[in-house]
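Please walk through this structure with an eye to its ligand site, its helix packing and its backbone geometry.

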Amino acid sequence: MTSDANITQLQAEIPACQACRDLPLGPFPLFQIGAEARILIAGQAPGRRTHLAGRVFDDASGVRLRAWLGLDEATFRDPEQVAVVPMGFCYPGTGRGGDLPPRAECAPLWRARVLSSLGKVRLTIVLGRYAQAWHLPETVGLPLSTVARDWRAHWPERVLLPHPSPRNAGWVRKNPWFETELLPALRAQVASILATD
Ligand code: SF4
């Protein structure tokens, strides 16, 4: 099957998924994939606002993520440039400490197939510890700050960022190298990748 056919198949199958029947707002998978995507954003799971908006990163985290990457909204939302594949496709609900973890059912069901359909990806942006476990398994158990600070170890194929939630603004302030070293390199790499086929 061609990449385009795989993508079409997944775009038909995933929205019909009913594997998690106890989701607070019901199954409503949100993801963005295209056969030509060269940047992959491996996120956590949609938040409530994103669920209600019906598209990925349609919230304050998305505004911040686009600024981090130096991408305008149109480029970010073009599936032939940027793929967005969270660890759980549906809003998992909210607990005392914020949003619940991505549903554990989701990645084993879908992730390998989705990622194998994205054959043009050159840079994976890994957000948060659930995506870290899948995309940077050699770093499991290490604190996010340690892995992110050592970003050159996986550069330029993979980079771990804190989740762009405003809740992490304090972390960004405490780690000035993130804005002075990592983000400029990241923006330059994203621009360079998207400027070429
Ligand atoms: S979270 Fe994933 S596995 Fe669960 S219903 Fe949504 S798409 Fe299906």
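The paragraphs below take up the ligand, then a pair of helices, then two places in the backbone.

The model is a predicted one, and its ligand sits in the largest cavity. Around the ligand are Cys 17, Ala 19, Cys 20, Pro 27 and Pro 29, together with Phe 89, Cys 90, Cys 106, Leu 109 and Trp 110. By class, this shell consists of 10 nonpolar residues, with no polar and no charged ones.

Turning to the helices, H3 (residues 60-69) packs with H9 (residues 177-195) at an angle of about 80°, their axes lying 7 Å apart. Because angles of 65 to 115 degrees count as roughly perpendicular, H3 and H9 are therefore described as roughly perpendicular to each other. On the H3 side the contact is made by Ala 67, Trp 68 and Leu 69, while H9 contributes Phe 178, Leu 183, Leu 186, Arg 187 and Val 190. Seven residues of this contact between H3 and H9 are nonpolar and one is charged, with no polar residue among them.

Two backbone features remain, and both are in loops. Most residues other than glycine have a negative phi, and most peptide bonds are trans. Phe 57, in the loop between helix H2 (48-53) and H3, nevertheless has a positive phi, near 50°, although it is not a glycine. The peptide bond from Trp 155 to Pro 156, in turn, is cis, with omega near 5°, and Pro 156 lies in the loop that runs between helix H7 (144-149) and strand E6 (158-161).

Conventions:
Residues numbered from 1 in each chain as written. Predicted model: local features only at pLDDT ≥ 70, side-chain atom pairs only at ≥ 80, totals over all residues. Heavy atoms only, no water. Near = heavy atom within 4 Å. 1 Å grid on protein atoms, 1.4 Å probe; cavity = no way out; pocket = protein on both sides within 12 Å on 5 of 7 lines; lining within 4 Å. Sits in = over half its atoms within 2 Å of the grid points. Nonpolar A, V, L, I, M, F, W, Y, C, P; charged D, E, K, R; others polar. Axes fitted to C-alpha atoms, helices over the stretch in contact; angles between N-to-C directions. Helix = DSSP H or I, 4+ residues; strand = E, 2+ residues; numbered from the N terminus. Parallel < 35°, antiparallel > 145°, perpendicular 65-115°, else oblique. Contact = heavy atoms within 4.5 Å.
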